[in-house]
Structure formats: structure tokens, C-alpha cells
Amino acid sequence: MEGIFISYRREESAGHAGRIYDRLRERFGRDRVFMDVSAIEPGMDFVEAIDRAVGSCAVLLVIIGRRWVDCTDATGRRRLDDPHDFIRLEVGTALRRNIRVVPVLVQDAAMPGDADLPDDLKLLARRNAIEINDTHWDSDLAQLVDTLDRVLEGTAGTAQTGRTGTGAVPAVRKNRLAWVISSVTAIVVALAGLFTGVESLRTSFVKLFKGSPPVTTTTGTTAPSGQGQTEPAAVTVPRVIGMEEQEAVNTLRGKGLQPQVERRASPDDRPGTVFHQDPAAETSLSPGAGVILLVAKAPEPEAPPPGGQQEPPPPKLITVPKLAGKTLDDAKAALATAGLNVGTVEKRKTGKSEPGTIIGQTPKAGSKLAQGKKVRLVVAVKPPETEQVTVPNVVRQPRERAVKMLVDAGLQPGTETRQPTTRARAGTILNQKIRGGTTATRGTRVDLVVAAQPAAGGTEERPPVTGKVIAQGRGEIRQTYLFDLDAGSIAQNGDADIWFEAETETERYLTPRNGASIGFTREKPTYENCSKVKMTQRRIPIQRIPENANVCVRTSRGNLSAFKIREPVGPSPGVMKISYITWERAR
């Protein structure tokens, strides 16, 4: 059955594809619209399954969203670079089998260029696309339905011509009827010549019979004039489909056949070429027999709308200029010069680029976009300056008071090193790694040296005391939620240590909160091992967390914690399932 195949990526344009599917199913019927190869039985060759599914349709719609070109798998590899990617197989199969491929742009996506596509999909860049905008959904979709109506009607007409003989066969029947009439007339004239003896009537008889299609017999011989002559040998009809009109005519005439040309619209064939012949190639005919050729003609221009105004030509495609590094005003000027407009402008905090400059654009530079379309921009803005606070002098203070002084100043107690001494009471601060009176960023950790009681018979430092367990168990952190490892529960912002942050469906991070820091270790998750891990307060992409690694956390309260992600985080919206343990910091 010749129908419509819809190719799309579930993670990128499933909603748009579903709406298009529902509309086309209402118009063409459920049995003529295929969503995708959603169920391939175990043991089946999925390449063969896709080839059969796509090959059974007349049209393949490629739903292209903003991330269609750049979608990646779990390893960060671009999906289109994978030869076994279903979308690549579906579109490549349709292009290889000369099936009509129609790109359908949604989400204000731009048509990919051939440089963005693998070799087997480069022909897609030459296909004229249809854009369906969310704000003009019904009218744009109606245009797509009209286009599919014409395509499927043309396909059905061509198939019917080849199967039932309509179109070309009536012309053959008409020629045969004319031949029969001329033959009867010739016989009558011949008989009249015999009775009257008039030489001119005999001449008329010969002229009428000359050039008429001779009767093909099983023996290959006839006796048209009663003279017992042998008919010329039959001619094998050559294949001329795909040839230019004049080349096909000359080929048939060279074989002694009479070509009869009919020009018809055929949107799938190049104008001026033969797309059907009757009789078919390898058929045996007598010399002088007629062969009907259907030649594709250029589509006729649409009639002007009421008022005599011609429809404006489609907008030309423009190459999107490179805007990265330009100021917003310069970027607007460059787009205006190119014939494009500025779309939404997003401001993003960053310390890596000059504030006010462009750090991102959609579509990307080098893409093709219709004249007058909009380009979305991302502008760098200066991140808020970190607040500086004065570090208090906590030397010679009892440890508990020193910790309170640091917290009150907006700082956090860091690593405590115990130094045996008899010059100060145990628990007194002997030194601090950031000198009192200097400034530091709010939330900075200040390492302390704490006096300890010397061991009997020596001055060796006692080993650090292992923190006791204050929280332990399993938890589930849903995407965009925060977690307090000190309490072992979902938390509000002020108590949270980690955040399952999601910027987009594919850009997700493990982000420290409220001065907490994180690091990784493949060693056993103990207090001692985690205390040696180098930690950072920067966010870490979920996909870059080392497999089977333990995540060590210095919590917002100064305690140590460790957790492990029990199973891979699924597609957005995902859930991070962890097993965790939290120790109270050593005193």
C-alpha cells in the first residue's frame, strides 16, 4: 500500500510528530499513515525491517526540530554519525530508493546543510522543506496535506496507468480502430478496381494499405496482395524510459517503429524525459507499428489569485552569518544586512566572555534560513561579583568559639589539623591558614590548627578521630530537586547540599549548593578516604560522573558525606537513585 511514513526523534519532536500523525490519519486513513518502526520482533534484522517499512510508502516525512542535527547518545556521540541510527536508516533508505522525501521543519528549526549530514543523507539538503510554525499550525499543516494530496494522487495515477492500461492503452485502441477502418476501405476500393479495371483504383488500394499496421501472425508471414510475399521480421521494442524525448523518438524510428508522443504532468520526473512507454520494452512488433511515449512536462504555473496578482515567489534561502564575539548592536546590523531578523535574546551569566557580546545563536552560523526569519541570540552578561568578607582572627580562641566566629563572618571551618603541644590548652586554635584581617570570598573554608594533648612519653600527633555516622540510607532525587545529605532528605534551598540541575532535556548537572563541594574517588567510601579527595564547588555534568565512582561531599555544615548512583539516570525527566552515608566532622 502506498502511504506516508513519518520519521522523527522521540526525544526531540515526539509531540509535533504526534499532532501531524493525527491530522494525516484523519485525512488519508489509519492504514496509509505510518508513525515509525516502533516494534521490531526479536531476532529480526532491523535494517531489513526499516527497508520494507519505508519501501512500502510513497512519501517519507522527516520531522526536523531544533536539535535534530545535534542529538547525541549517552556517550555524547552525535546520533547521525551512527550508521545504525534508526532515523539515518529511514531517511537514507527513502533517498536511495527514490521515494519522495519531504523535510518538515518544526520548533523554528533551520534546514540542515549538506555539511551537517553524513554522505548517505546529503541529498536531503536539496529537498524543498515545509515549515510548520506553532503560531500558524492549522494553515501550515493544511499546506502539507494539500501537497501530500497531489503527491499521492500522482503516484496512484502513474501506478494505475501501468497496471490497468488507462491513459496510453485507449490511444492504442484508437489507432487499431483507425487501422481496421482503413483496411476495410482498402478492400472495398480494391474490389471496385477489379470490377471496373480502373488502374487508379488499384493505385488507391496500394496507397491505403501502405504504412498501415500489418497483422502480426504466429507464423510471421502474410499475403496482403495475394502474391505470397513474406512479411518482414518482427522488431523488439527498445527501452526508452528515462531518455530525453528526441533521443527516444530517434531510437524508435531507428528500429522502424512509429513513436507517438503525449506530454503529461509528472512531478517525480524531469521535464522532457520519457516516464512511460506502451508497449513495454522487449515486446515484439511488426515494422511500422506505433509506440506511445508519455513525456513529463513542466508543471504549469498556478493561476493568479482574484485580482490578477501573481503569487510571490518563495523566499530565497540565506546563509546565517557568524555572530559569536560581536556586540548585540553589531549582531543586529549583520542580520539586517543579510535579510534576517533578531529573535529572542537570552542573557547568560559567564565570566569567560566579554559582557554584551554574543556567545550563542540558533540556528548556528552557516545554516540556511528563509529571508526574514528570526535568529535567536545568547548574550554574555557579567556574573554577580562574589561578596568579600573579612576573616576574623581566631588564634588562641577555643575551637567552639573560633567556629562560631567564622560562621558569623560568612565563612566555614575547613580541615582541622591537631598538633600535640604543652604550650596551649587542648582545643585551642594555634594557627589559621587564612590570616585574620584579610578578605576572602563569602563561604570560603578556613583550615585550622588545633592544639592537642601530647601522647604519653612523646610529642607525636594523635591520628585524627573518625567522624561518627549521622545519616545513612537510600534516596531518590528527581530532576530539579535538592537534597540535604546531613538530614538525608529532600530539602529547601537553604539546607540543600546538592542539586539535580537541568538546563535542558539533555544538559543536566550535579551542582553543589550553599558552599558545599564535591569530588570523586574509586576507593572505599570512608571518612578518611573522602577527607583526602580534592573537591570543587563547580557543577559537574551528569554524563561525566565516572562510572562506579563514589561521590564525596563536604556538606554545607562542614560534615563529610559519600554517595553512589545506584543505576544510570534515565532520559529527561530523570531520577537520581543514590545510596549515601554522612559522617559528623572530626572534633
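**Exercise 1. The chain as a whole**

How many Å² does the chain expose, and what share of it do carbon and sulfur atoms supply? Describe also the secondary structure and the burial of the chain.

*Solution.* The model is a predicted one. Step one concerns the surface: the chain exposes about 33600 Å², and 50% of that area is supplied by carbon and sulfur atoms. Step two concerns the secondary structure, which comes to ten helices and 30 strands. Step three concerns burial: the chain has 587 residues, of which 39% count as buried. Step four turns to the contacts with a separation of 6 or more, where residues 24 or more positions apart account for 67%.

**Exercise 2. The disulfide**

Determine which cysteines form a disulfide, give the handedness of the link, and state which elements it ties together.

*Solution.* Begin with the distance cut-off: a pair of cysteine sulfur atoms within 2.5 Å is a disulfide. The sulfur atoms of Cys 530 and Cys 552 are 2.1 Å apart, and these two residues form a disulfide. By this rule the count comes to one disulfide.

Next, consider the torsion about the S-S bond. For Cys 530 and Cys 552 the value is -65°, and the link is left-handed.

Then place the two residues in the secondary structure. Cys 530 belongs to helix α10 (residues 527-531) and Cys 552 to strand β28 (residues 550-554), so the disulfide ties together parts that are 22 residues apart in sequence.

Finally, compare each relative accessibility with the limit for burial, which is under 20%. Cys 530 has 1% and counts as buried; Cys 552 has 0% and is buried. Two further cysteines can be assigned by this limit: Cys 57 is buried at 6%, and Cys 71 is buried with a relative accessible area of 6%.

**Exercise 3. The packing of α2 and α3**

Characterise the packing of helices α2 and α3 by angle, axis distance and handedness, and name the residues that make the contact.

*Solution.* Two packed helices are described by the angle between their axes and by the distance between those axes. For helix α2 (residues 46-55) and helix α3 (residues 86-96), the angle is about 50° and the axes are 9 Å apart. The angle therefore makes α2 oblique to α3. The crossing of α2 and α3 is right-handed.

The contact can now be resolved into residues. From α2 come Phe 46, Val 47, Ile 50, Asp 51 and Val 54. From α3 come Phe 86, Leu 89, Glu 90, Thr 93, Ala 94 and Arg 96.

**Exercise 4. The surroundings of α3**

Is α3 mostly covered or mostly open, and which elements do its buried residues pack against?

*Solution.* Count first: nine of the eleven residues of α3 are buried, and the helix is mostly covered. The buried residues include Ile 87, Arg 88, Glu 90, Val 91 and Gly 92, and also Leu 89, Thr 93, Ala 94 and Leu 95. They pack against α2 and against three strands, β1 (4-7), β3 (59-64) and β4 (100-105). Just after α3, the backbone of Asn 98 takes a positive phi of about 60°.

**Exercise 5. Loops and backbone angles**

Locate two cis peptide bonds and two non-glycine residues with positive phi, and then describe the setting of Thr 350.

*Solution.* Take the cis bonds first. The peptide bond from Thr 362 to Pro 363 is cis, with omega near 0°, and Pro 363 lies in the loop between β13 and β14 (368-370). Ser 572 and Pro 573 are also joined by a cis peptide bond, with omega about -5°; Pro 573 is in the loop between β29 (560-565) and β30 (575-583).

Next, the positive phi angles. Asp 108, which is not a glycine, has phi of about 60°. Asp 108 is situated in the loop between β4 and β5 (130-131) and counts as partly exposed at 39% relative accessibility. Arg 396, not a glycine either, has phi of about 70°. Arg 396 is found in the loop between β16 (388-390) and α9 (399-408), and at 69% relative accessibility it counts as exposed.

Last, Thr 350 is placed in the loop between β12 (341-349) and β13 (358-362). At 17% relative accessibility, Thr 350 counts as buried. Neighbours within four places in sequence aside, Thr 350 is in contact with Ile 359, Ala 380, Val 381, Lys 382 and Pro 383.

How values were computed:
Residues numbered from 1 in each chain as written. Predicted model: local features only at pLDDT ≥ 70, side-chain atom pairs only at ≥ 80, totals over all residues. Heavy atoms only, no water. Helix = DSSP H or I, 4+ residues; strand = E, 2+ residues; numbered from the N terminus. Buried < 20%, exposed > 50% of the residue type's maximum accessible area, 1.4 Å probe, protein only. Contact = heavy atoms within 4.5 Å. Areas by Shrake-Rupley, 256 points an atom, 1.4 Å probe, with all protein chains shown as cover. Axes fitted to C-alpha atoms, helices over the stretch in contact; angles between N-to-C directions. Parallel < 35°, antiparallel > 145°, perpendicular 65-115°, else oblique. Left-handed = near helix turned anticlockwise from the far one by under 90°.
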